Amino acid sequence: MAEMNTNQEALENISASEGIAVASRSLRYRGRIRQIPIYLGKNFRMFIYQNDWKVIPMAAVISLLVVLVIKKNFYVNMEGTLKGGLALTCVCLWNGFFNSIQVVCRERNIIKREHRSGMHISSYIIAHMIYQMVLCILQTITIMVVLLTRNLKMPESGIITNKFLFDFFITLFLITYAADMLSLLISSIVHSTTAAMTIMPLILMIQLIFSGGIFALPKGVDSIKGFMISSHGMASICAEARYNDLPSVTGWKMIKKVADGENADPEIKKYIKEMEATGQDKILNKKMAESNQKPDFDSTYKNVQSRWIVLGFFSLIFALASVIFLERIDKDKR
């Protein structure tokens, strides 16, 4: 316990000394644009000296665990693609949330002192936007490397670009970055790291529940998913995977399970064999797939493009809101 306290005090001393140095430079560089490189450099130094680089191997571990589960049916059938799309969306959300959930609240007192010394909040947030963008790109590259090395089945052509990998990379990045900016906003609002880490699981749960991937949302509530990062991210992944063109296997598997049961009716077994012999099982699977098609997952240029635009818009709105909340930091008496 004593060692942990010592390490924590060391980190606080590093942050405090870094803050004093940055504050002194802010007095010399009053312009908003000229302050951005100062805080950007501070963030990259903290990436090295406060072990923020650990988010990169963590992204590799999480994506590896997910790909081991979804590999068999991802981009193979509707059910596997839907589950895989949701799982990868969760990976991106998790990475984005952990990137910035504590970055502001852990140095709130330093920010208040620097703001009174001439720091522009907009410069501070823009520096974080650039820094977090680099982190998200590195995490997305890590995820892509894991998926490729594990030989995950993927389409060849993309919908927006000529290559599926480019489309997929952009989608994963936009999901991660939007989650990152939402987490930055939360970190700008709360006053302690404990509060930030308490709120984060709640936000993640809301994203999952209202994504539309796990639960069928009732009328009157389904419109909420339009405000969810998870919903637009999963829709983009499924659209790029040609979800509506894939076969559905759940219905036929259930029929086969009934026919192969110990107490199954011999007539049913005979009928199932006849269907398989005449190819009627494939026709039935096709009909089931048609009934499971979703307009949100249409593999069209317009659909994917609109999802990307919304995710990018979310990121900008969250960043702007972060500036607005932090501008009031001098009024914070707690």
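**An all-helix chain and its cores**

The chain folds into 13 helices and 0 strands, in a model that is predicted. Read from the N terminus, then, the string of elements is simply α-α-α-α-α-α-α-α-α-α-α-α-α. Of the 334 residues, 47% count as buried. Contacts that reach far along the sequence are plentiful here: among those with a separation of 6 or more, 79% join residues 24 or more positions apart. On the outside, the chain exposes about 17,300 Å², with carbon and sulfur atoms supplying 64% of that area.

Turning to the inside, the largest nonpolar core holds 73 residues, and Ile125, Phe168 and Ile229 have the most contacts within it. Plenty of helices chip in: at least two residues each come from helix 2 (32–49), helix 3 (55–70), helix 4 (78–100), helix 6 (121–149), helix 7 (164–189), helix 8 (193–209), helix 9 (229–240) and helix 13 (301–326). Helix 7 is the top contributor to this core, with 14 residues. As for Phe168, leaving aside residues up to four places away in sequence, its contacts are Tyr75, Leu88, Met144, Leu147, Met154, Ile237 and Glu240. Another core sits apart from the largest one; it has 10 residues, including Leu82, Ala235, Tyr243 and Phe297. In soluble globular proteins, nonpolar side chains tend to be buried together.

Helix 8 makes a handy case for a closer look. Its 17 residues, at 1.5 Å a residue, should span 24 Å, and the end C-alpha atoms are 25 Å apart, so the two values agree. Ala196, Met200, Ile203, Leu204 and Gln207 are the buried residues of helix 8. Those buried residues pack against helix 4, helix 7 and helix 9.

Not every nonpolar side chain is tucked away, though. Phe44, Ile126, Ile130, Met133, Val134, Ile137, Leu138, Ile141 and Val145 make a nonpolar surface patch of about 630 Å². Helix 6 provides the largest share of the patch, 8 residues, and that helix also supplies at least two residues of the largest core. Ile130, one of the patch residues, lies in helix 6. Its relative accessible area is 36%, so Ile130 counts as partly exposed, a class that runs between the 20% limit for buried and the 50% limit for exposed.

How values were computed. Residues numbered from 1 in each chain as written. Predicted model: local features only at pLDDT ≥ 70, side-chain atom pairs only at ≥ 80, totals over all residues. Heavy atoms only, no water. Core = buried A, V, L, I, M, F, W, Y, C linked by side-chain atoms within 4.5 Å. Buried < 20%, exposed > 50% of the residue type's maximum accessible area, 1.4 Å probe, protein only. Helix = DSSP H or I, 4+ residues; strand = E, 2+ residues; numbered from the N terminus. Contact = heavy atoms within 4.5 Å. Patch = residues over 30% accessible without salt bridge, like charges linked within 9 Å, V, L, I, M, F, W, Y side chains within 5 Å. Areas by Shrake-Rupley, 256 points an atom, 1.4 Å probe, with all protein chains shown as cover. Salt bridge = Lys/Arg side-chain N within 4 Å of Asp/Glu carboxyl O. Expected span 1.5 Å × (residues − 1).
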